[in-house]
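Reader: I'm new to this kind of picture. Could you walk me through how to read it?

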Amino acid sequence: MQPNSLNILRELVRCLGEQSKPRDALPFARQAVEAFPDDAGAWGNLAAALMQTGQRDEARAAIVRAVDLDPE
């Protein structure tokens, strides 16, 4: 596995989210934004995992970052 592959990290976050395991997805979502800080999708995935784990304030900040990167 390539640990810093954006596609792999996104897929891990998606799969774990679909399995209702947002706490397990969160480290991969954080790793994605650390490795790819300019990727709006990575920030969106992080926001989703944060919301699902009840971390609303941090989720809002991640959403703002995602929208700043890609307003569409």
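Reader: Let's start with Arg30. Is Arg30 buried, partly exposed or exposed?

Author: Keep in mind that this is a predicted model. Buried means under 20% relative accessible area and exposed means over 50%, with partly exposed in between. Arg30 has a relative accessibility of 27%, so it counts as partly exposed.

Reader: And which residue does Arg30 form a salt bridge with?

Author: The general idea goes like this: side chains of opposite charge can pair when their charged atoms come close. Here, Arg30 forms a salt bridge with Glu58, and their closest N and O atoms are 2.6 Å apart. That pair ties together distant parts of the chain, with Arg30 in helix 2 and Glu58 in helix 4, 28 residues apart. Glu58 has a relative accessible area of 33%, so it's partly exposed too.

Reader: How many salt bridges are there?

Author: The count comes to six salt bridges. One of them joins the side chains of Arg14 and Glu18, at 2.6 Å from N to O. Both residues sit in helix 1, four residues apart, which is about one turn of the helix. Arg14 is partly exposed at 38% relative accessibility, while Glu18 is exposed at 58%. There's also a network of salt bridges here, linking Glu11, Arg14 and Glu18.

Reader: Where do Asp57 and Arg60 lie?

Author: Both are in helix 4, three residues apart, again about one turn of the helix. Their side chains meet in a salt bridge of 2.8 Å, N to O. Asp57 is exposed, with a relative accessible area of 61%.

Reader: Back to helix 2, then. How do I check its length, and what should its 14 residues span?

Author: Allow 1.5 Å a residue, and the 14 residues of helix 2 (residues 22-35) should span 20 Å. The end C-alpha atoms are 20 Å apart, so the two agree.

Reader: Which residues of helix 2 are buried?

Author: Look for Pro22, Ala25, Leu26, Ala29, Ala32 and Val33, which are buried in helix 2. They cover an arc of only 130° around the axis, so they're on the same side of helix 2. As for what they pack against, that's helix 1 (6-18) and helix 3 (40-52).

Reader: What does the same length check give for helix 3?

Author: At 1.5 Å a residue, its 13 residues should span 18 Å, and the end C-alpha atoms are 18 Å apart, so that agrees. The buried residues in helix 3 are Ala40, Ala42, Trp43, Leu46, Ala47, Ala49 and Leu50. Their cover includes helix 1, helix 2 and helix 4.

Reader: Let's zoom in on Ala49. Which residues is Ala49 in contact with, leaving aside its neighbours within four places in sequence?

Author: Those contacts are Pro22 and Leu26. Ala49, found in helix 3, counts as buried, at 3% relative accessibility. You can also compare positions along the chain with positions in space: Ala49 and Asp24 are 25 residues apart along the chain, and their C-alpha atoms are separated by 9.1 Å.

Reader: Now for the outside. Which residues make the nonpolar surface patch?

Author: Met51, Ile63 and Val67 make it, and the patch is about 230 Å². Find Ile63 in helix 4 (residues 56-69). With a relative accessible area of 36%, Ile63 is partly exposed.

Conventions: Residues numbered from 1 in each chain as written. Predicted model: local features only at pLDDT ≥ 70, side-chain atom pairs only at ≥ 80, totals over all residues. Heavy atoms only, no water. Helix = DSSP H or I, 4+ residues; strand = E, 2+ residues; numbered from the N terminus. Expected span 1.5 Å × (residues − 1). Buried < 20%, exposed > 50% of the residue type's maximum accessible area, 1.4 Å probe, protein only. Arc of directions from axis to C-beta. Contact = heavy atoms within 4.5 Å. Patch = residues over 30% accessible without salt bridge, like charges linked within 9 Å, V, L, I, M, F, W, Y side chains within 5 Å. Areas by Shrake-Rupley, 256 points an atom, 1.4 Å probe, with all protein chains shown as cover. Salt bridge = Lys/Arg side-chain N within 4 Å of Asp/Glu carboxyl O.
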